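This report describes one protein structure, with attention to how its side chains meet. Please look at the sequence and the model before reading on.

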Amino acid sequence: MKRINMDCHVHTSYSRDCGIKIADLLRLCPARGLDAVAITDHNTIRGALELREQAPFKVVIGEEINTLQGEIIGYFLQQEIPPGLSALATVQAIREQGGLVCVPHPFDRWRKSAICYEALTQIIGYVDIIEAYNARNVFNQDNKKAAGFASQQHKPISVGSDCHTTWEIGCSFVAIGDFSDAATFLGNLAYSRIKFTKSSIMVHCYTKLFKAKCAIGLPK
């Protein structure tokens, strides 16, 4: 099986807390050995659509959606899903357009946006993927807990840099069998290999800086 390297959790400057331009991804993804990325901007698919138009590599249209109970990622989306819905309504909206449901960083104890456990158990029947390794999780135990939960629930896992800065691009990824659509991606994910490198805690400081710049109207 031909394998390609894919970062499953990538942000662009269309996320208000990210400084990565589309041009940065066009330049750095091939340089760092990535053959595919899932663009998962907060509450928008505009960055993903823009990159897909220009990229010589594979781009999965994703969105990290703020629900009332925490964040959920949709992969292979056709249309943007609005924030502020319940977790259940959000996963149903993803499924209705043929997308895949992924729960990012489910047990990150420092991340207020992580889905609450009650909602996670409510939607688990709709969940396709658990993000078991997020490079921005401060505590390794939180990733281990996510991996254990995925195994318990018999869900395939994803790995992502969750990059918001250029130096994080491609630090973590899956080596997955090449895919053509959501179904083959999900099937191949179960047999993928992972490369995981935890990001420095300093990246969180830069994220806060980007948010502050945006709040006062300064360019990123």
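The structure, which is a predicted model, holds nine aromatic pairs. One of them joins Phe-76 and Phe-179: the ring centres are 6.2 Å apart and the planes stand at 80°, so this pair is edge-to-face. An angle over 60 degrees is what counts as edge-to-face. Where do the two residues lie? Phe-76 belongs to the loop between β4 (70-75) and α3 (87-96), while Phe-179 belongs to the loop between β8 (173-177) and α6 (182-189), so the pair ties together parts that are 103 residues apart in sequence. Both Phe-76 and Phe-179 are buried.

Another edge-to-face pair is formed by Phe-107 and Phe-149, with 5.5 Å from centre to centre and 75° between the planes. Phe-107 lies in the loop between β5 (100-103) and α4 (117-123), and Phe-149 lies in helix α5 (residues 140-153), so this pair ties together parts that are 42 residues apart in sequence. Phe-107 and Phe-149 are both buried.

Ring pairs can also join into a group. Tyr-75, Phe-76, Phe-179 and Phe-185 are linked by ring pairs into a cluster.

**Charges over rings**

Phe-179 has a further partner: the charged end of Lys-58 sits over the ring of Phe-179, 5.1 Å from the ring centre. In a like arrangement elsewhere, the charged end of Arg-109 sits over the ring of Phe-139, 4.2 Å from the ring centre.

**Salt bridges**

How many salt bridges does the structure hold? There are seven salt bridges. Three of them are listed here, each with the distance from N to O.

| Salt bridge | N to O distance |
|---|---|
| Asp-24 and Arg-27 | 3.4 Å |
| Lys-58 and Asp-178 | 3.4 Å |
| Arg-111 and Asp-108 | 2.8 Å |

Asp-24 and Arg-27 are three residues apart in helix α1 (residues 22-31), so about one helical turn separates them. Is each of these two residues buried or exposed? Asp-24 is buried, because its relative accessible area is 15% and the limit for a buried residue is under 20%. Arg-27 counts as exposed, at 52% relative accessibility.

The salt bridge of Lys-58 and Asp-178 links distant parts of the chain: Lys-58 is in strand β3 (residues 58-67) and Asp-178 is in the loop between β8 and α6, 120 residues apart. Lys-58 is partly exposed, with a relative accessible area of 30%, and Asp-178 counts as partly exposed at 34%. Lys-58 thus appears in two settings, as the charge over the ring of Phe-179 and as a partner of Asp-178 in a salt bridge.

The partners in the salt bridge of Arg-111 and Asp-108 are both on the buried side of the limit. Arg-111 is buried, with a relative accessible area of 17%, and Asp-108 counts as buried at 7%. Salt bridges that share partners join Asp-108, Arg-111 and Asp-162 into one network.

**Positive phi angles**

Asp-162, a member of that network, also has an entry in the backbone. Its phi is near 55°, a positive value in a residue other than glycine. Asp-162 lies in the loop between β7 (157-160) and β8, and Asp-162 is buried, with a relative accessible area of 2%.

Asn-43 likewise has a positive phi, of about 60°, although Asn-43 is not a glycine. Asn-43 is found in the loop between β2 (36-39) and α2 (46-54). Asn-43 is buried, with a relative accessible area of 19%.

**The protein as a whole**

The secondary structure comes to seven helices and nine strands. What radius of gyration would a compact globule with 220 residues have? The value would be near 17 Å, and the protein has 16 Å, which agrees. Along the principal axes, the C-alpha atoms fill a box of roughly 45 × 40 × 35 Å.

Of the 220 residues, 55% are buried. The protein exposes about 9,800 Å², and carbon and sulfur atoms supply 53% of this area. Among the contacts with a separation of 6 or more, 66% are between residues 24 or more positions apart. The ring pair of Phe-76 and Phe-179, whose parts are 103 residues apart in sequence, and the salt bridge of Lys-58 and Asp-178, 120 residues apart, are examples of links between distant positions in the chain.

Note on methods. Residues are numbered from 1 along each chain as its sequence is written. This is a predicted model: local features need pLDDT of at least 70, side-chain atom pairs count only at pLDDT 80 or more; totals for chains, interfaces and linings use all residues. Side-chain values use heavy atoms; hydrogens and water are left out. Rings of Phe, Tyr and Trp (its six-membered ring) pair if their centres lie within 6.5 Å; planes under 30 degrees apart count as stacked, over 60 as edge-to-face and the rest as tilted. Helices (H or I, at least four residues) and strands (E, at least two) are DSSP runs, numbered from the N terminus. Buried means under 20% relative accessible area, exposed over 50%, partly exposed in between (1.4 Å probe, protein chains only). A charge sits over a ring if NZ of Lys or CZ of Arg is within 6 Å of the ring centre and within 35 degrees of the ring normal. The radius of gyration is taken over C-alpha atoms; the globule rule is 2.2 Å times the number of residues to the power 0.38. Contact means heavy atoms within 4.5 Å. Accessible areas come from the Shrake-Rupley method with a 1.4 Å probe; for residues, only the protein chains shown count as cover. A salt bridge is a side-chain nitrogen of Lys or Arg within 4 Å of a carboxyl oxygen of Asp or Glu.
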